[in-house]
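Q: I'm new to this structure and would like a close look at one part of it. Could you walk me through a pocket and a helix that helps to line that pocket?

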Amino acid sequence: MKELESFEVPRYVLFGPGAALKLGDILSKIGAKKVVVITGPTASRRIAEAISSQVEGVDFAIISTEEMVKMKTDQDVVVGIGGGKPLDLAKVTAYVNKKPLIVIPTSASHDGIASPYVSYVLNRKLSEYGKIAVSPLAILADTKIIMGAPPRLLRAGIGDLLGKAVSVRDWALAHRVKGEDYSEYAAILAKASYNIVARNAAKISEFKQEEDVRTLVKALIGCGVAMGIAGSSRPCSGSEHLFAHAVELYAEENGVRDIVHGELVALGAIIMAYLHGMNWRRLKQVVKKAGLPTRLKDAGIDKDVAVHALTTAHKLRPDRYTILGESGLSRDAAERALEATGLI
Ligand code: ZN
């Protein structure tokens with residue numbers, strides 16, 4: 001007999017200019033009176049203050065990530081306003097306290113803005129909580145606010161999406177080789193997000209028009225929904241993400257700054273497409289068109305870091321079978337892949 005299937009997706013998804021101003025409506029729909037807002041220390045805090053000042057009859061406690069001391073809260077709702085870190089900490093807070101979560105991204109640099117999951121590095125640090133997963137009740141993606149994000153971060157959002165060309169291939173591979181559960185629907189949804197940005201890469205990469213940001217945001221939200229349907233980040237995170245996570249871990253441990261998740265994902269995708277025997281040249285072309293780095297050094301890493309990442313990435317998520325297999329790449333193979341794809 002077939003097992004019961006279930007999935008969680010956001011109930012309210014609003015995007016476009018002024019979406020953040022609908023926060024009051026959402027809060028009154030769910031009857032929330034006391035809200036904790038988790039935001040960044042500077043720019044996103046100003047945005048958070050402006051948004052909350054528009055809402056009447058609700059008691060807001062605004063906390064920036066730097067001021068956070070504990071994850072406990074007795075407020076009715078957790079609202080995350082900001083980029084990666086504030087949204088991740090808002091997810092953890094909502095998860096730990098079993099409270100509804102509303103996210104208002106101020107950037108669109110990765111698919112975490114709409115996904116139930118937090119970044120790999122953070123979840124690893126908070127491993128005592130197990131797998132942190134909380135599907136947002138509402139996502140208010142205000143394109144007017146997001147347009148103000150640094151273009152490098154927005155382009156990184158395209159990079160994160162370009163990785164889906166590989167992640168869905170890894171998933172299908174794991175399905176064939178390991179008999180892993182596979183949802184064709186979730187895979188197609190993730191791949192559709194790739195297709196949309198790949199087709200428009202050159203046009204949207206300047207982020208001059210609201211519709212460019214809107215295309216990116218919609219595609220990122222699509223990925224968040226794909227993860228909700230799959231019940232894991234599987235459709236959106238394969239070997240290209242393992243490479244990015246390995247670099248991020250190395251960076252965290254060695255104080256390397258100025259790396260951006262989506263740029264690493266795009267580079268990882270080129271390497272893994274090569275290993276899969278896919279048309280990596282075409283993918284590299286798209287990465288270039290999107291204005292993303294196609295050389296390691298332009299993404300803030302050198303060959304040694306990349307080789308280290310390529311030879312250790314398979315160990316990060318042993319349950320997640322990918323083209324890297326169970327024993328990973330040898331040093332020689334890693335160097336060959338970097339040379340063959342022209343990343344060094
Ligand atoms: Zn990502």
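A: Here is a walk through the second largest pocket, followed by a look at how one of its lining helices packs. Keep in mind that this is a predicted model.

Let's start with the space itself. The second largest pocket holds about 780 Å³. Its lining is made up of 27 residues, and the ones closest to the centre are Glu 5, Ser 6, Ile 229, Ala 230 and Gly 231. Two elements give two or more residues each to this lining: helix H7, which runs over 164-178, and helix H9, which runs over 210-230. H9 provides the largest share, with four residues. As for the chemistry of the lining, you'll find twelve nonpolar residues, seven polar ones and eight charged ones.

Now let's follow H7 to its meeting with another helix. The axes of H7 and helix H11 (residues 261-276) come within 10 Å of each other and cross at roughly 40 degrees. An angle under 35 degrees would count as roughly parallel, and perpendicular begins at 65, so H7 is oblique to H11. The handedness of this crossing is left-handed.

Who does the touching? On the H7 side, the contact is made by Val 166, Arg 169, Asp 170 and Leu 173, while H11 brings Ala 269, Met 272, Ala 273 and His 276. Sorted by class, the contact between H7 and H11 has five nonpolar residues, one polar and two charged.

So H7 turns up in both parts of the tour: H7 gives residues to the pocket lining, and H7 also makes contact with H11.

Technical notes: Residues are numbered from 1 along each chain as its sequence is written. This is a predicted model: local features need pLDDT of at least 70, side-chain atom pairs count only at pLDDT 80 or more; totals for chains, interfaces and linings use all residues. Side-chain values use heavy atoms; hydrogens and water are left out. On a 1 Å grid over the protein atoms alone, a cavity is a set of points where a 1.4 Å probe fits but cannot get out, and a pocket is an open set with protein on both sides within 12 Å along at least five of seven lines; lining residues have an atom within 4 Å of a point. Grid points are joined across faces, edges and corners, and a volume is the space filled by probe spheres set on the points. Ala, Val, Leu, Ile, Met, Phe, Trp, Tyr, Cys and Pro count as nonpolar, Asp, Glu, Lys and Arg as charged, and the others, Gly among them, as polar. Axes are lines fitted to C-alpha atoms, for helices over the stretch in contact, and angles run from 0 to 180 degrees between N-to-C directions. Angles under 35 degrees count as roughly parallel, over 145 as roughly antiparallel, 65 to 115 as roughly perpendicular and the rest as oblique. A crossing is left-handed if the near helix is turned anticlockwise from the far one by less than a right angle, and right-handed if clockwise. Contact means heavy atoms within 4.5 Å.
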